[in-house]
Amino acid sequence: IRSRVVEVRGSENVNVERCHFNRCYNYGVNSAYSFNTRVAACKFEDMSLSSTNSFCIRCSGKDYYVADNELRNFGSCGIAVGTWWKADKRTEETGIVENNELYYTPSYMADWLSHSTMDTGAIYIYTQNDDVTVRHNFIHDYNGACDNNGIYCDDGAYNFQIYGNLIVNTPNSYSIDSRYTPNIEKSQESKTAIVNVNNRIFDNVVDGPIRFEGREGSDNGCRLGT
């Protein structure tokens, strides 16, 4: 399938469970400004074959739940949540991402350059969030063209907590990356006046570096696992 497989927009109580997505070129599940979207116990295999900025699972909205999925061999990103800083936030952004496994097989890892993009993460958090939790996920053997992080909190993401995750062998960038981007607060294109506030990163087990940059004077706190 070369289009998005499951598209959910402005809907309530959509449940995608125990499904197998295999060799799809675009998104597996894309849920936007919806309520109570659930993606659970699914398998995503050899996804994002178009080598574009697409995801196995993309959720924005209120009270989404992404859990117990296996994501094996994907291109740009496995799971993405939140609202982009240039987009209108049409609902509250709240949800949980937990107990998922995201990885490349040895043959896919060896040939990462032919199917990867850059500047992304196995789990990706967009800027605008109200209360997002990413916990107890297993990310391993993930690589790409450049700056491919285990968990990437991009463009000043705020109002998240990341804890209890196991992240190993993400060799070209950070295990967890939360970078400070004050230029977004000043941009006329920005839909948010704040960045990098109310974030927690703690009790994760990683074998690579963590970057955690907070806004000066913010309520950020950080405890790092070993």
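Let me start at the beginning of the chain, where Arg-2 lies over the face of Tyr-25, at 3.8 Å from the ring centre. There is another contact of this kind: Arg-4 lies over the face of Tyr-27, and here the distance from the ring centre is 4.1 Å. Before going on, I should say that what you have in front of you is a predicted model.

Now the strands. How do strands of a sheet pair in general? They do so through backbone hydrogen bonds, and the pairing is either parallel or antiparallel. In this model, seven strands form an open sheet, and the order is β3-β6-β9-β12-β15-β18-β21. The pairing in that sheet is parallel. Which strands stand at the edges? They are β3, residues 20-22, and β21, residues 205-206. Each of these has a single partner strand, so one side of each is left without a neighbour in the sheet.

Further into the order, take β9 and β12. Strand β9 covers residues 70-72, strand β12 covers residues 101-103, and three bridges pair them in the parallel sense. If you want one position to look at, find Arg-72, whose bridge partner in β12 is Tyr-103.

Next is strand β16, residues 146-153. Is β16 largely enclosed or left open? Six of its eight residues are buried, so the strand is largely enclosed by the rest of the structure. The cut-off for buried is under 20% relative accessible area. One partner of β16 is strand β13, residues 118-125; six bridges join the two, and they run parallel. Within that pairing, Met-118 stands opposite Cys-146. Strand β19, residues 176-178, also pairs with β16, again in the parallel sense, over three bridges. There, Cys-153 stands opposite Ser-178.

On to the aromatic rings. A pair of rings is described by the distance of the centres and the angle of the planes. The count for this model comes to ten aromatic pairs. One of them is Phe-21 with Phe-44: the ring centres are 4.5 Å apart and the planes are at 5 degrees, so this pair is stacked. Phe-21 is in strand β3 and Phe-44 is in strand β6, residues 43-45, so to speak a link between distant parts of the chain, 23 residues apart. Both Phe-21 and Phe-44 are buried. Compare that with Tyr-104 and Tyr-108, an edge-to-face pair with 4.7 Å from centre to centre and 75 degrees between the planes. Tyr-104 counts as buried, at 2% relative accessibility. Tyr-108 is buried as well, with a relative accessible area of 11%. These two tyrosines belong to one aromatic cluster, together with Phe-74 and Tyr-142.

Last, the empty space. Rolling a probe the size of a water molecule over the atoms shows where such space is left. The largest pocket has a volume of about 360 Å³. Which residues are closest to its centre? Of the 18 that line the pocket, they are Ala-32, Arg-58, Ser-60, Thr-83 and Ala-87. Strands β4, residues 29-35, and β7, residues 55-62, each supply at least two residues of the lining. The largest share, four residues, comes from β4. By class, the lining of the largest pocket has six nonpolar, five polar and seven charged residues.

Note on methods:
Residues numbered from 1 in each chain as written. Predicted model: local features only at pLDDT ≥ 70, side-chain atom pairs only at ≥ 80, totals over all residues. Heavy atoms only, no water. Buried < 20%, exposed > 50% of the residue type's maximum accessible area, 1.4 Å probe, protein only. Pairing = 2+ DSSP bridges. 1 Å grid on protein atoms, 1.4 Å probe; cavity = no way out; pocket = protein on both sides within 12 Å on 5 of 7 lines; lining within 4 Å. Points joined across faces, edges and corners; volume = space filled by probe spheres on them. Nonpolar A, V, L, I, M, F, W, Y, C, P; charged D, E, K, R; others polar. Phe/Tyr/Trp six-rings, centres within 6.5 Å; stacked < 30°, edge-to-face > 60°. Lys NZ or Arg CZ within 6 Å of the ring centre and 35° of its normal.
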